[in-house]
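User: I'm new to reading protein models, and I'd like a close look at one part of this one. Could you take me through the surroundings of the ligand, and then follow the connections outward?

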Amino acid sequence: MPSLRDAARGRILFGGDYNPEQWPEEVWEDDVRLMKEAGVNSVTLGVFSWARIEPRPGAREFGWLDRLMDLLHANGIGVVLATPTASPPPWMGARHPETLPRTEDGSVVWYGSRQQFCPSSPVYRRYAAALTEDLAARYADHPALTVWHINNEYCTHCWCDETAAHFRRWLRTRYGTVEELNAAWGTAFWSQRYDSWTEILPPRTAQYMKNPTQVLDFKRFTSDALMECYVAERDIVARHTPRVPVTTNFMPLWSGQDAWAWAAQEDIVSVDIYPDSRDPRGGQYNAMIADMTRSQAGGPWMLMEQATGAVNWRDVNRPKPEGLNRLWSLQSVARGADAVCYFQWRQSRQGSEKFHSAMVGHAGEEGRAFAEVKRLGRELAALGPAVAGGEVPADVAVLHDWDAWWAGAQEGRPSSLLDYTEVIRRWHGALWESGVVTEFARPDADLSRFKVVVVPHLYLLGDGAVDNLVAYAEGGGTVVCGFFSGIADVDDRIRPGGMDARLRDLFGIRTLHDWWPLDADASVECDGFRGTLWSEELTAAADAEVVSSYRSGELAGLPAVLRRGRARYVSTLPEPDALRALLAEVVREAGARPVLAGLPAGVEAVRRGELLFLLHHGRGSVTVEVPGAHEDLLTGTSVEDRVELGRFGVAVLRSAAP
Ligand code: GAL
């Protein structure tokens, strides 16, 4: 199977989305000159070029792309070539309005922006396949081609009639009979029973709360329907170029695609990461997405897009202060990225993204953005041979699952304040701050290589996943599980007793009486810490140890944290310091270690292959103790026993030979 290694060839890919169709051809020469100056070795072409290549149905205008492919190749720049199927031209919507998605209430999503296609539309799929076929045939043997990039951030949702028919086909495969579907969806409730397949619809706008299992299945279906579009195009390009790796870029922690399932269909897993430059925890967010993407890839991954500075889609869009782009880029490399790419190469002068930063901003080659890009390009070139392909060891797994997210994030639950991604972020953040490198894993994955498995919050756990977790614990593994987990089965049916009996047994919960979610900003006192967001009324089994009890409110005296053997259950969300302390203790007890002990605040240490990355997220200066003699690959200097890191400073150390 082709992989990122084939494209990177011992280098770190460096570059970005290149949209030359927005510029006169004279600018292309200048682009290439600046790319070479910056050490760019890879650009992504064609992402939004459909209307340029196929200006009217069936037309093909490849001449401009031929010239670009040749120009880039002549200058030693590889091309990640996109199938431009994310944004159909207006002619498609005008001639084939049935390709336009419809919202839950039946409104049409019109052209005039991007991504306006119904994934179930046979007409859209036919045009997309025909174009992909011709694109692949034309460039199969072009020496510039290094990676196929299918579509872009698959994210459309549609509730139209074509979708309804497709959804029914998907449901037939899942359930076989309408009676099975009725049983799974619990349609005895509110007179929702279906008498035939033709009555079944996607969950459209309704009078009151929708059937939760119908909603869950629709989310599963939508991820699968989009994946069919991806697989269809992937198969076309792979037929032409079996040795060129294929990817599609994920959005991070995006609920619309089950990235575990998708990643299994890709040669390269790639992602677009846009931490908020104003977020003091932006570094943790970047680390979390890097860990998640590396876990999906099972190794090196591709940072397909990030911003050199400001984005243009938040309420307030501020640039990255000097050095932050470099820090977060090298952090991604530390955590397994073998490609550091941006949206986009040259900042647009027109269109919706003209205020979005780029590698070459409006200030051009004199601008700070480009100066920082050049520095990073040099540094990545220096690091490439030592770092590319290197592995990032991790002893601790964080479980994460789309089914659980989809089922849990619905109406009619105990608290709408419970935000799945925020809970994941808090648990990952607690480990990150303790200097413990984590991987993410799906609940039914082989967990045997991890010393600790952390379950921040998995509302839904299928039987297989429960068996897996219990088997891991019985095999000697350490499990820490957060509140409101193991509540529902795969059909979102509440488990007898309110929580899976095997899990209650594992954690030493005798009876789970009720859930007591907290108000925003409220907290509950427990022995040794304060809990937030959630609390639970439960009693402990006779042989369980009560690690901490609630001390205030209705639950005073009842267990907050329980332990049975190596398994722990945390029935609230401890405040950040407390969660960090709790997880640090678990990790220590299980024999897992932070990468470096005694780091100054704000310094992150990550090992990748034989290298030690030290990343300083603060603005002052710090000294990090690193016993022994090392070479800093970024400066080419020798370092002994300690290294100074300035504002957003980074060192990449290799032990000097004894
Ligand atoms: C991504 C997208 C790019 C660009 C970027 C702006 O979601 O793939 O095309 O729009 O965001 O941040």
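Analyst: Here's a walk that starts at the ligand and moves out along the chain.

Before we set off: this is a predicted model, where local features need pLDDT of at least 70 and side-chain atom pairs count only at pLDDT 80 or more, while totals for chains, interfaces and linings use all residues. Residues are numbered from 1 along each chain as its sequence is written, and side-chain values use heavy atoms, leaving out hydrogens and water.

Let's begin at the ligand. Around it you'll find Phe 48, Arg 114, Asn 152, Glu 153, Asp 272, Tyr 274, Glu 305, Trp 313, Phe 343, Glu 353 and His 356. To make that list, a residue needs a heavy atom within 4 Å of the molecule. Three of these residues put a polar side-chain atom by a ligand oxygen: Asn 152 at 2.8 Å, Glu 353 at 2.4 Å and His 356 at 2.7 Å.

Next come the rings. Searching the whole structure turns up 27 aromatic pairs. Two rings of Phe, Tyr or Trp (its six-membered ring) pair up if their centres lie within 6.5 Å; planes under 30 degrees apart are stacked, over 60 edge-to-face, and the rest tilted. One such pair is Phe 62 with Tyr 139, edge-to-face with 5.9 Å between centres and 85° between planes. It ties together distant parts of the chain, 77 residues apart: Phe 62 is in the loop between α3 (50–53) and α4 (63–74), and Tyr 139 is in helix α6 (residues 122–139). Those labels come from DSSP runs numbered from the N terminus: helices are H or I with at least four residues, strands are E with at least two. Phe 62 is buried, at 6% relative accessible area, and Tyr 139 is buried too, at 2%.

Another edge-to-face pair brings us back to the ligand: Tyr 274 and Trp 313, with 5.7 Å between centres and 85° between planes. This pair also links distant parts of the chain, since Tyr 274 sits in the loop between β7 (270–272) and α11 (282–297) and Trp 313 in the loop between β8 (301–305) and α12 (324–334), 39 residues apart. Is each partner buried or partly exposed? Tyr 274 is buried, at 10% relative accessible area, but Trp 313 is partly exposed, at 47%. The cut-offs are under 20% for buried, over 50% for exposed and partly exposed in between, using a 1.4 Å probe and protein chains only.

Stay with the loop that holds Tyr 274 for a moment. Asp 279 is in the loop between β7 and α11 as well, and it's partly exposed, with a relative accessible area of 22%. Its side chain makes a polar contact of 3.0 Å with the side chain of Arg 425. A polar contact is a pair of N or O atoms within 3.5 Å; within protein, one must be able to donate a hydrogen and the other to accept it, and residues adjacent in sequence count only if both atoms are side-chain atoms.

That contact leads us to α15, because Arg 425 is one of its buried residues. Helix α15 covers residues 420–433, which is 14 residues, and its end C-alpha atoms are 20 Å apart, close to the expected 20 Å. The expected span is 1.5 Å times one less than the number of residues. Eleven of its 14 residues are buried, so the rest of the structure largely encloses this helix. Along with Arg 425, the buried ones include Tyr 420, Trp 427, His 428 and Trp 432. After α15 comes Gly 435, with a positive phi near 80°.

For a last stop, try helix α9. Its 29 residues should span 42 Å, and its end C-alpha atoms are 43 Å apart, which agrees. At its start, a side-chain oxygen of Asn 211 comes to within 2.8 Å of the backbone nitrogen of Thr 213. Thr 241 lies in the loop between α9 (212–240) and β5 (246–247), and it's buried, at 5% relative accessible area. Leaving aside residues up to four places away in sequence, Thr 241 touches Ala 140, Leu 145 and Trp 148, where touching means heavy atoms within 4.5 Å. With Trp 148 there's also a side-chain to side-chain polar contact of 2.8 Å.
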